[in-house]
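Welcome to a short set of exercises, each with a worked solution. Keep the viewer open beside you and try each task before reading on.

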Amino acid sequence: HGLVENEEGTVVQNHHSPSVVINNKVESNKSFGRTLVRLSSNTDYTRRDETLEALPYLQEVSADRLRTRNRLSTTVRIKRTDLSLNADANADIENFTSYLSDTDSTRNDVNWKEYEMRLTPSWLYKPFDGLSLQFSTPVAMKSISSKNRVSAGEFDRRYLVVHPDIYARWRLNYKWSLNADANRYTSFSGISDAYDGIIMRNYRTFSSGSIHENRTDNSNAQIVFRYSDVMSGFTSEVGGTVWKSTSQLSSGTVMTGNVIRTVTYDMPNTSSGYRLNASVGGRSQKLSTTARISFEWDASRYEYYSQGVLIPTDVKRLSVKPYLNSNIRNRAVLLYQGTISRDRLSSQTMDAKPVITIQQSATLNIILGSHTIWSINGSHYYNDRLSGDDTNMLFMNSFVSYKTGRTEVILEGNNLFNTSRYRTESESGIMTQVYEYFLRPRSVILKILFSIR
């Protein structure tokens with residue numbers, strides 16, 4: 001339940017989503033000399049009945065899903081070589097219905113079936129100590145079918161896909177190591193992309209998929225150099241990643257007043273990017289402290305449709321992430337972690353000013369006795385796109401826990417600074433979204449927990 005304030009007044013949203021999940025998992029391992037055979041099976045059934053009310057709309061959704069994952073694998077070791085073979089049999093069967101109004105364009109009744117048979121031969125070779133080479137080539141036969149009984153949209157496809165993956169790890173000495181990996185794989189859309197009737201996501205956002213299946217071809221490669229000195233506790237790392245993704249379908253938005261509709265277009269779509277990262281840190285046994293700082297540069301390009309027009313968008317992000325974990329004389333533990341980011345988004349229609357954001361939190365756990373812990377947590381958020389008191393936001397929570405036997409008593413204080421609201425702002429290339437959340441006032445809660453074990 002929630003209230004949303006916008007330019008047109010107050011919108012009441014009520015969301016109810018009860019579900020039932022039944023799961024069965026089986027695992028078995030057995031050795032025959034140098035050969036190891038493993039069997040695993042995981043099957044679950046989920047039933048979900050959901051209602052979303054955002055006046056004047058009321059949406060009802062029902063979904064039944066049966067999913068099973070089964071694998072038989074074996075490994076044979078011959079001197080410095082491990083030969084493995086995995087055989088997988090998977091299935092997903094789901095029925096999805098939704099009702100928003102009496103018109104066909106706002107109703108769905110979809111039956112989705114997906115079956116997969118996959119063989120994965122793998123070869124691991126260690127020519128000498130310190131070097132490992134692995135190559136695997138999963139080969140899968142997939143069958144995907146979908147039928148929407150409302151719109152009569154349907155498809156039934158068969159695919160043969162190969163996912164090559166090569167990995168190398170070379171430990172040059174006891175301090176230096178090199179990891180490299182390159183792979184290519186294909187993913188397919190699920191039932192959430194198969195319905196072409198309109199679905200309400202919230203009071204102002206609606207979406208619809210496509211009667212056509214979406215196939216996405218992905219490829220990426222990465223390399224990482226690591227240095228680790230066990231004696232001094234010093235560690236460092238530098239690496240890079242490149243990736244590319246090509247899809248048969250594209251997504252976009254159409255805005256009508258304050259209403260946003262996400263749609264799917266039968267047009268190809270390509271996105272790509274690269275990432276550079278580095279980190280340095282260390283561990284002091286004498287001070288019982290671990291400290292680390294990480295740097296990351298991420299650049300990517302996406303293609304997106306707005307009002308039916310293709311808009312290639314570039315996103316660049318520079319981030320710094322400090323981290324500290326310290327055990328203070330075995331009486332207290334201090335944990336600090338933060339992220340300082342500079343984001344810039346540009347497209348054919350805009351070149352936004354860089355946004356500086358800071359997110360950091362610190363937690364101090366103090367041991368008051370053999371049964372008592374006092375915990376204090378503080379968080380700080382900074383966004384230079386916001387103004388006034390919203391630029392810097394501070395939050396603090398604390399609790400005292402006393403545990404004896406099977407009983408635990410917790411006295412918890414939330415929002416100790418009594419912050420009344422929290423604002424965020426984000427840029428997507430086609431719009432700027434500002435969200436304002438009204439928070440509960442300062443509160444104190446007494447909890448009593450019992451364990452029957």
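Throughout these exercises, contact means heavy atoms within 4.5 Å. The model is predicted, so local features need pLDDT of at least 70 and side-chain atom pairs count only at pLDDT 80 or more, while totals for chains, interfaces and linings use all residues. Residues are numbered from 1 along each chain as its sequence is written, and side-chain values use heavy atoms, with hydrogens and water left out.

**Exercise 1. Describe I340: its element, its exposure and its contacts.**

Step 1: find the element. Strands (E, at least two residues) and helices (H or I, at least four) are DSSP runs, numbered from the N terminus. I340 sits in strand 22, residues 332–347.

Step 2: classify the exposure. Buried means under 20% relative accessible area, exposed over 50%, and partly exposed in between, with a 1.4 Å probe and protein chains only. I340 is partly exposed because its relative accessibility is 39%.

Step 3: list the contacts. Leaving out residues up to four places away in sequence, I340 touches L318, S319, V320, T357 and I358.

Step 4: compare sequence and space. I356 is 16 residues from I340 in sequence, and their C-alpha atoms are 7.5 Å apart.

**Exercise 2. Characterise the chain as a whole.**

Step 1: count the elements. The chain has 29 strands and zero helices.

Step 2: get the dimensions. Along the principal axes, the C-alpha atoms fill a box of roughly 70 × 65 × 55 Å.

Step 3: look at burial and surface. Of the 453 residues, 31% count as buried. The chain exposes about 27200 Å², and carbon and sulfur atoms supply 56% of that area; accessible areas come from the Shrake-Rupley method with a 1.4 Å probe, and for residues only the protein chains shown count as cover.

Step 4: sort the contacts by separation. Among those between residues at least 6 apart in sequence, 54% join residues at least 24 apart.

Step 5: tally the charges. Lys and Arg count as positive and Asp and Glu as negative, without His and the chain ends, and each charge is placed at NZ of Lys, CZ of Arg, CG of Asp or CD of Glu. The chain has 54 positive and 45 negative side chains, and the centres of the two sets lie 11 Å apart.

**Exercise 3. Which residues of the largest nonpolar core touch the most other members?**

Step 1: define the set. A nonpolar core is a set of buried Ala, Val, Leu, Ile, Met, Phe, Trp, Tyr and Cys residues joined through side-chain atoms within 4.5 Å.

Step 2: pick out the residues. The largest core has 15 residues, of which F96, W112 and I144 touch the most other members.

Step 3: trace the elements. Strand 5 (57–78), strand 7 (107–128), strand 9 (139–148) and strand 10 (154–162) each give two or more residues. Strand 10 supplies the largest share, three residues.

Step 4: find the other core. Apart from this one lies a core of six residues, including A54, L100, I198 and M200.

Step 5: inspect W112. Beyond its neighbours within four places in sequence, W112 has contacts that include I144, F155 and I191.

**Exercise 4. Follow the pairing from strand 7 through strand 8 to strand 11.**

Step 1: take the opening pair. Two strands pair if DSSP finds at least two bridges between them. Strand 7 and strand 8 (residues 131–136) are antiparallel over five bridges, with S122 partnered by S136.

Step 2: examine the turn. This hairpin has two residues between its strands, and G130 takes a positive phi near 105 degrees.

Step 3: move on. Strand 8 also runs antiparallel to strand 11 (residues 165–171), joined by six bridges; here S136 stands opposite D165.

**Exercise 5. Is S98 buried or exposed?**

Step 1: locate S98, which lies in strand 6, residues 81–99.

Step 2: apply the cut-off. S98 is buried because its relative accessible area is 5%.

Step 3: list the surroundings. Beyond four places in sequence, S98 is in contact with E60, V61, T106, R107, N108 and I199.
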